[in-house]
Structures are given as C-alpha cells and as structure tokens.
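Could you walk me through this fold, piece by piece? I'd like to know how the parts sit against one another.

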Amino acid sequence: MQLLDSTDRRILHTLSTTAKRTGSAIATALNLGRNTVQTRMTRLENEVLDSVDRRIPPEALGYGLLSFVELHVEQRCLEEIAAKLETIPEVLEAHGLTGSADILVRVAAKDAEELFRVHGQLLHIEGVNRADSALSMAELVPYRTTALIKHSLSTDA
C-alpha cells in the first residue's frame with residue numbers, strides 16, 4: 001500500500017469528523033476541487049478504507065461478550081491455524097505476536113456458554129497447545145484513527 005499524502009489524510013480527517021460526508025461537502029471544507037476529492041475518495045475506498053464490516057459493532061448483533069485469547073502454537077502450523085481461525089464466525093480478528101503468546105485472537109460471543117464453546121474450538125485446532133482468555137470488562141478507548149490522522153497532519157509542517 002502506498003503512503004498517504006497530506007491531501008489524502010486531510011480528506012480522511014474531514015470524512016471522519018464531518019457530519020456531511022459527500023464529495024462536494026469535503027471539497028468545500030478543504031478548498032479542493034470536487035473532481036480531485038472524488039478521484040481521491042474512490043482510490044481511498046478501493047485501497048485504504050476498511051469495509052463496512054469493521055464498522056458494525058458485534059453488540060448490535062447480540063454478541064456483547066468480548067474476549068481476547070492468547071494462543072500458544074506450534075510455529076510450523078501457523079498457516080493452517082490462521083485458516084482454521086477464519087472459519088470460526090465468532091473470531092473477529094487474529095494477530096501474530098512476539099512475546100510469550102503466538103497469536104492474539106479477538107472473539108465475540110453472545111454469552112459465557114458460547115465463549116466456552118468457541119474457546120474449545122480454538123483448543124481443538126491442530127497445532128494449538130494452549131489458549132489463555134481475558135474478558136473485556138469495558139472498552140476504554142474505542143478503535144480509532146482520527147487522532148492518528150490529525151497527529152500525522154500536524155507533524156508534516
């Protein structure tokens with residue numbers, strides 16, 4: 001992915017902080033041409049912006065229990081484990097880690113019973129040796145990039 005220039009970042013910042021998010025409204029707010037903004041927004045939508053998938057809170061679907069599971073795995077099985085994780089609908093995302101655990105898995109569940117079932121599924125994946133779970137008690141800082149965009153724009157000067 002190519003790095004975003006300051007115009008791209010200004011568009012994204014306006015898009016994330018402006019109630020009216022049309023290309024024309026963003027062009028007016030940034031004093032840019034409508035065609036410039038529209039062309040860049042199309043490229044950003046195709047190359048940078050996440051799908052609507054990331055914007056749907058699991059709680060809105062009835063999955064109010066969030067858990068972070070650290071998996072300790074056999075490294076030679078990493079690709080197969082990742083493929084198996086993708087087949088479990090309650091797995092929202094998984095990251096390879098450095099440190100004591102190998103993979104961090106974010107899991108959404110409707111209740112403790114479902115989380116227990118998913119935890120069992122994780123443990124039954126070939127190559128997974130151990131799984132340590134931590135329940136999320138409260139989201140203290142929600143996923144965000146607007147502050148990062150703003151910070152990156154301020155460091156350009």
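A94 stands opposite V105 in strand 3. This is a predicted model, so keep that in mind as we go along. A94 belongs to the stretch 91–96, strand 2, which pairs with strand 3 in the antiparallel sense over five bridges. Another pair on this seam is V91, whose bridge partner in strand 3 is V107. Strand 2 and strand 3 make a hairpin with six residues between the strands, and in it G99 takes a positive phi near 105°.

Now step across strand 3 to its other partner. Strand 1 and strand 3 run antiparallel and are joined by seven bridges. Want some anchors for your viewer? L66 has A108 as its bridge partner in strand 3, and F68 has R106. Strand 1 is also joined to strand 4 by seven bridges, and these two run antiparallel as well. On that seam, L71 stands opposite A131 of strand 4.

Put the seams together and you get an open sheet of four strands in the order 2-3-1-4, with antiparallel pairing. Strand 2 and strand 4 are the edges: each has a single partner strand, so one side of each is left without a neighbour in the sheet. On average, neighbouring strands are turned by 20° against each other, ignoring direction. As a reminder of the chemistry, strands of a sheet pair through backbone hydrogen bonds, either parallel or antiparallel.

What about the inner strands, are they buried or exposed? In strand 3, five of the seven residues are buried, so the strand is largely enclosed by the rest of the structure. Strand 1 is largely enclosed too, because seven of its nine residues are buried.

Next come the helices that go with the sheet. Helix 4 lies across strand 1, strand 2, strand 3 and strand 4, and it runs at about 10° to strand 3. Helix 5 packs on the sheet as well, touching strand 1, strand 2, strand 3 and strand 4, and its direction makes about 155° with that of strand 4.

Then there's the nonpolar core. In soluble globular proteins, nonpolar side chains tend to be buried together. Here the largest nonpolar core has 19 residues, and the members that touch the most others are L71, I81, L85, V105, V107 and L122. At least two residues of this core come from each of strand 1 (65–73), helix 4 (78–86), strand 3 (103–109), helix 5 (112–123) and strand 4 (128–135). Pick I81 if you want to see the surroundings of one member: leaving aside its neighbours within four places in sequence, I81 is in contact with V73, E74, I103, I125, E126, G127 and V128. There's also a second, separate core of ten residues, with I11, L15, V37 and L44 among them.

That takes us to the helices earlier in the chain. Helix 2 (residues 23–30) and helix 3 (residues 34–47) pack at an angle of about 120°, with their axes 8 Å apart. The angle falls outside the parallel, antiparallel and perpendicular ranges, and the two helices are therefore oblique to each other. Helix 2 passes helix 3 in a right-handed crossing. Which residues make the contact? From helix 2 they are G23, S24, I26 and A27, and from helix 3 they are R34, V37, Q38 and M41.

Helix 2 has a good share of covered positions to look at: G23, A25, I26, A27 and L30 are buried. What covers the buried residues of helix 2? The cover includes helix 1 and helix 3.

Helix 1 (residues 6–17) is also the place of D8. With a relative accessible area of 1%, D8 is under the 20% cut-off and therefore counts as buried. Beyond its neighbours within four places in sequence, D8 is in contact with R40, R43 and L44.

Finish at N31, in the loop between helix 2 and helix 3. Phi of N31 is near 55°, a positive value in a residue other than glycine. Is N31 buried or exposed? Its relative accessibility is 71%, over the 50% cut-off, so N31 counts as exposed.

Notes:
Residues are numbered from 1 along each chain as its sequence is written. This is a predicted model: local features need pLDDT of at least 70, side-chain atom pairs count only at pLDDT 80 or more; totals for chains, interfaces and linings use all residues. Side-chain values use heavy atoms; hydrogens and water are left out. A nonpolar core is a set of buried Ala, Val, Leu, Ile, Met, Phe, Trp, Tyr and Cys residues joined through side-chain atoms within 4.5 Å. Buried means under 20% relative accessible area, exposed over 50%, partly exposed in between (1.4 Å probe, protein chains only). Contact means heavy atoms within 4.5 Å. Two strands pair if DSSP finds at least two bridges between them. Axes are lines fitted to C-alpha atoms, for helices over the stretch in contact, and angles run from 0 to 180 degrees between N-to-C directions. Angles under 35 degrees count as roughly parallel, over 145 as roughly antiparallel, 65 to 115 as roughly perpendicular and the rest as oblique. A crossing is left-handed if the near helix is turned anticlockwise from the far one by less than a right angle, and right-handed if clockwise.
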